[in-house]
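Visitor: Could you take me through this model, please? I would like to start with the sheets and then move inward.

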Amino acid sequence: MKGKHVSVGPAGLWSVSVTSLVFKWLGGRWIRVQPGSLIQIDAGGDKFVVGVNAANSIFCLNRGPVLQYAGQGNIPWIPVVGSLKYYSCGPFGYWGVNRMD
């Protein structure tokens, strides 16, 4: 897997490939997350993951699926209202960059 964006945090180690596929580091290797097509990802939240796709749509993956994902089955990304090209989360809140920077 050749990554273009990598994030590590309480939610683990996550990456987006050069072809916009989503991967999670599990058991010493990259496992593809299904479904998943993002251009940017952030694992800095309190065991949840956020990201945006090529259409600037925002998505969140809640704590339960993040902690339970073992490399099999589909993962339930939740759409978030709005439009961003970069979205980040951490202990001090959420930050985003829109198309106008």
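Guide: The following exchange covers the sheets, the nonpolar cores and one polar residue of this predicted model.

Visitor: In what order do strands 1 to 4 sit in their sheet, and is the pairing parallel or antiparallel?

Guide: The order is 1-2-3-4, the sheet is open, and the pairing is antiparallel. Strand 1 (3–9) and strand 4 (29–37) are the edge strands, each pairing on one side only.

Visitor: And by how many degrees are neighbouring strands turned there?

Guide: On average, neighbouring strands of this sheet are turned by 25 degrees against each other, direction ignored.

Visitor: How many bridges pair strand 3 with strand 4?

Guide: Strand 3 (residues 21–26) pairs with strand 4 over 5 bridges, in the antiparallel sense. Within this part of the sheet, Leu26 stands opposite Arg29 of strand 4.

Visitor: Now strands 5 to 8. Which of them are at the edges?

Guide: These 4 strands form an open antiparallel sheet in the order 5-6-7-8. Its edges are strand 5 (40–42) and strand 8 (78–80), each of which pairs on one side only. From one strand to the next, the twist averages 25 degrees.

Visitor: What joins strand 7 to strand 8?

Guide: Strand 7 (residues 58–61) and strand 8 run antiparallel and are joined by 3 bridges. Cys60 has Ile78, in strand 8, as its bridge partner.

Visitor: Let us change topic. Which residues of the largest nonpolar core touch the most other members?

Guide: They are Trp14, Ile41, Val49 and Trp77, in a core of 16 residues. Strand 2 (12–17), strand 4 and strand 7 are the elements that each give two or more residues to this core. A second, separate core has 8 residues, including Phe48, Val50, Val52 and Leu84.

Visitor: What does Ile41 touch, beyond four places away in sequence?

Guide: Its contacts include the core residues Trp14, Val49 and Trp77. Among the others are His5, Ser7, Val22 and Gly51.

Visitor: What about Gln40: buried or exposed?

Guide: Gln40 lies in strand 5. The residue counts as buried because its relative accessible area is 2%, under the 20% cut-off.

Visitor: Where does the side chain of Gln40 reach?

Guide: The side chain of Gln40 reaches the backbone oxygen of Tyr87 at 2.7 Å.

Visitor: And which residues is Gln40 in contact with, leaving aside neighbours within four places in sequence?

Guide: Gln40 is in contact with His5, Val16, Val50, Gly51, Val52, Lys85, Tyr86 and Tyr87. Of these, Val50 and Val52 belong to the second nonpolar core.

How values were computed:
Residues are numbered from 1 along each chain as its sequence is written. This is a predicted model: local features need pLDDT of at least 70, side-chain atom pairs count only at pLDDT 80 or more; totals for chains, interfaces and linings use all residues. Side-chain values use heavy atoms; hydrogens and water are left out. Two strands pair if DSSP finds at least two bridges between them. Axes are lines fitted to C-alpha atoms, for helices over the stretch in contact, and angles run from 0 to 180 degrees between N-to-C directions. A nonpolar core is a set of buried Ala, Val, Leu, Ile, Met, Phe, Trp, Tyr and Cys residues joined through side-chain atoms within 4.5 Å. Buried means under 20% relative accessible area, exposed over 50%, partly exposed in between (1.4 Å probe, protein chains only). Contact means heavy atoms within 4.5 Å. A polar contact is a pair of N or O atoms within 3.5 Å; within protein, one must be able to donate a hydrogen and the other to accept it, and residues adjacent in sequence count only if both atoms are side-chain atoms.
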